[in-house]
Structures are given as structure tokens and as C-alpha cells.
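Me: I would like a close look at one part of this model and at the elements around that part. Please take the parts in a connected order and say what each term means when you first use it.

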Amino acid sequence: MNDFIAIDVETANGERSSICAIGAVKVSDGVIVDRRYSLVRPEPDYYAYFCTQVHGLTDDDTYNAPSFGTVWSEWGDWLDGYRLVAHNASFDASCIRAACRIYGLEPPELPFLCTLSAARRTIPRAVCPSKSLDSLCRFFGITLKNHHNALDDAEACAELAMVLL
């Protein structure tokens with residue numbers, strides 16, 4: 001797998017559509033060639049305490065941010081033709097699909113590839129018990145700068161995908 005986009009979202013609350021940050025890293029010919037990041041005004045627009053505890057974002061950060069619909073539309077050409085990869089892809093894919101529904105946008109056609117699933121299939125529990133993004137980064141010696149920052153997580157996922165997929 002040499003051409004893909006690793007993507008990560010953070011949510012503001014328990015609603016899958018409440019994306020408040022999105023990061024993406026483009027890989028072409030096995031090399032990271034571009035990165036994108038945006039804060040997003042969540043929908044519904046409120047923050048749950050437990051989500052803020054995870055990623056540190058609050059309403060003050062996204063009050064003037066664009067909607068997911070605006071960001072996704074602006075990124076459309078950049079995303080086009082690339083396979084999407086995420087760590088725990090079922091979460092990120094479901095969030096993106098839910099947000100696309102709210103804004104009347106077409107969700108990605110191809111299913112996401114998942115570095116979490118790949119790790120579970122290929123790395124024995126005795127070798128690396130946890131398959132969390134940060135644990136796998138430590139295991140493979142991949143730098144994860146700021147866990148739960150959408151861009152940093154997407155970059156770590158891209159590095160993992162180049163190893164696992």
C-alpha cells in the first residue's frame with residue numbers, strides 16, 4: 001500500500017456527527033507528501049466533559065471554525081482517488097458518514113482500511129498486548145507527538161499503515 005490518506009477525527013460529544021477536529025496525511029509512493037488539519041464547529045454544537053478531557057478542545061477553540069460540510073467540501077479534490085485509512089476505522093468512518101449525512105454530502109465510497117484491525121491480525125498479544133495507537137507507536141518506534149491531536153494521530157496512523165498494510 002503506497003498511496004492512501006490516513007485520517008483522524010476528534011468529537012465534541014457522544015454524537016458521531018460532532019466532529020470538532022479533523023486531520024489527514026497523504027501518502028504517495030510510500031512517502032508522506034502532504035498534511036491537512038482543521039478545527040470544525042461540531043454538530044450538535046456542545047462539548048461533553050469526557051471528550052474535552054481526551055483532546056483538550058472546547059467551544060472556545062471551535063466557535064468560529066468552519067462546519068464539517070465546508071471542510072469536507074474544500075478537501076474533496078485533495079481526497080479524491082485515495083483510499084482512506086484510520087486507526088479504529090469503524091469509529092472515524094462512522095463519524096464521517098454521520099457528518100456527511102447532516103450536511104447532505106456523499107461519504108467516501110470505498111471502505112476504510114484499519115490499522116487497528118491489521119495490528120490485531122498480525123501482532124501476537126504476547127508481543128504487544130495493547131493495540132492502541134500510542135502503544136503501537138511505541139512498539140514500532142514511531143513518533144506520536146501529541147496523542148489525540150487529529151493531525152498527529154493521522155500522521156502516526158500513516159506511519160503505522162506503511163508498516164502494517
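Reply: Pro-44 is found in the loop between E3 and helix H1 (49-55), where helices (H or I, at least four residues) and strands (E, at least two) are DSSP runs numbered from the N terminus. The peptide bond that joins Glu-43 to Pro-44 is cis, with omega at about 5 degrees. The model is a predicted one, in which local features need pLDDT of at least 70 and side-chain atom pairs count only at pLDDT 80 or more, while totals for chains, interfaces and linings use all residues. Residues are numbered from 1 along each chain as its sequence is written, and side-chain values use heavy atoms, with hydrogens and water left out.

From this loop one can go back to E3 and the sheet that contains it. The sheet is open, with five strands in the order E3-E2-E1-E4-E5 and mixed pairing; two strands pair if DSSP finds at least two bridges between them. Its edge strands, each pairing on one side only, are E3 and strand E5 (113-114). On the E3 side, E2 and E3 run antiparallel and are joined by eight bridges, with Ala-21 having Leu-39 in E3 as its bridge partner. The same two strands form a hairpin with two residues between them, and Asp-29 in the turn has a positive phi of about 50 degrees. On the E5 side, E4 and E5 run parallel and are joined by two bridges, and Val-85 stands opposite Leu-113 in E5.

Two helices pack on this sheet. H3 touches E1, E2, E3 and E4, and its direction makes about 5 degrees with that of E2, where contact means heavy atoms within 4.5 Å. H4 touches E1, E2, E4 and E5, and its direction makes about 75 degrees with that of E1. These directions come from axes that are lines fitted to C-alpha atoms, for helices over the stretch in contact, and the angles run from 0 to 180 degrees between N-to-C directions.

The part to examine closely is H3. This helix (residues 68-79) spans only 14 Å between its end C-alpha atoms, whereas a straight helix of twelve residues would span 16 Å at 1.5 Å a residue; the expected span is 1.5 Å times one less than the number of residues. Phe-68, Gly-69, Val-71, Trp-72, Trp-75, Trp-78 and Leu-79 of H3 are buried, buried meaning under 20% relative accessible area, exposed over 50% and partly exposed in between (1.4 Å probe, protein chains only). Because these residues cover an arc of only 160 degrees around the axis, they lie on the same side of H3, the arc being that of the directions from the helix axis to the C-beta atoms. The face of H3 turned away from this buried side carries the exposed residues Glu-74 and Asp-77. On the buried side, the residues pack against strand E1 (4-11), strand E2 (19-28), strand E3 (31-39), strand E4 (83-86) and helix H4 (89-103).

Aromatic rings on this helix also pair with one another. A search of the whole structure finds four aromatic pairs, and one of them joins Phe-68 to Trp-72, stacked at 5.3 Å centre to centre with 20 degrees between the planes. Rings of Phe, Tyr and Trp (its six-membered ring) pair if their centres lie within 6.5 Å, and planes under 30 degrees apart count as stacked, over 60 as edge-to-face and the rest as tilted. Phe-68 and Trp-72 are four residues apart in helix H3, and so are separated by about one helical turn. An α-helix has 3.6 residues a turn, so residues three or four places apart point the same way. Phe-68 has a relative accessible area of 1%, and Trp-72, at 9% relative accessibility, also counts as buried. The rings of Trp-75 and Trp-78 have their centres 6.0 Å apart and their planes at 65 degrees, so this pair is edge-to-face. Trp-75 and Trp-78 lie three residues apart in helix H3, about one turn of the helix, and both are buried. Beyond the helix itself, ring pairs link Phe-68, Trp-72 and Tyr-103 into a cluster.

After H3 the backbone can be followed a little further. H3 is followed by Gly-81, whose phi is positive, near 85 degrees. In the loop between E4 and H4 lies Asn-88, which has a positive phi of about 65 degrees although it is not a glycine. Asn-88 is partly exposed, with a relative accessible area of 32%.
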